[in-house]
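Please open the structure in your viewer and keep the selection tool at hand. We will go from one selection to the next, pausing at each to see what is there.

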Amino acid sequence: MCELVIKTAKENGDFMYNYIVWVGGCDNYYKNFLIAQMDFYNWVLKGYDDVFLTEIKKDGTEEVLRNSEEYNFKERKNNG
């Protein structure tokens, strides 16, 4: 969604989501951070390396909270 659409929807009270998990360009929307974070880690542990968890700000912009490239999950998984 574009920032203007999200910002307008938030101002009107029509947009209920706070977080997005992006997997290779596909987006999943969440109201709850813990559920979004769980989805993020599940995708990464499945081997996807283009995963982002973003927060939708009140002005409609997004802030990246988690990025699969920042973590070396494969090494952690192999080392226990």
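**A tour from the sheet to the core**

Begin by selecting S1 and S3, two antiparallel strands that five bridges join; strands here are DSSP runs of E with at least two residues, helices are runs of H or I with at least four, and both are numbered from the N terminus. This is a predicted model, in which local features need pLDDT of at least 70 and side-chain atom pairs count only at pLDDT 80 or more, while totals for chains, interfaces and linings use all residues. Residues are numbered from 1 along each chain as its sequence is written, and side-chain values use heavy atoms, with hydrogens and water left out.

Within this pair, pick Val21, whose bridge partner in S3 is Leu53.

Now add the other strands, and you have an open sheet of four in the order S2-S1-S3-S4, paired antiparallel, where pairing requires at least two DSSP bridges between two strands. Strand S2 (26-30) and strand S4 (62-67) are at the edges with a single partner strand each, so one side of each has no neighbour in the sheet.

Next, select H2, which packs on the sheet and touches S1, S2, S3 and S4; contact means heavy atoms within 4.5 Å.

Finally, which residues make up the largest nonpolar core? They are Tyr19, Val21, Val23, Tyr30, Ala36, Phe40, Val44, Val51 and Leu53, such a core being a set of buried Ala, Val, Leu, Ile, Met, Phe, Trp, Tyr and Cys residues joined through side-chain atoms within 4.5 Å, with buried meaning under 20% relative accessible area (1.4 Å probe, protein chains only). Strand S1 (19-23), helix H2 (33-45) and strand S3 (51-56) are the elements giving two or more residues to this core.

Terms used
Buried means under 20% relative accessible area, exposed over 50%, partly exposed in between (1.4 Å probe, protein chains only). Axes are lines fitted to C-alpha atoms, for helices over the stretch in contact, and angles run from 0 to 180 degrees between N-to-C directions.
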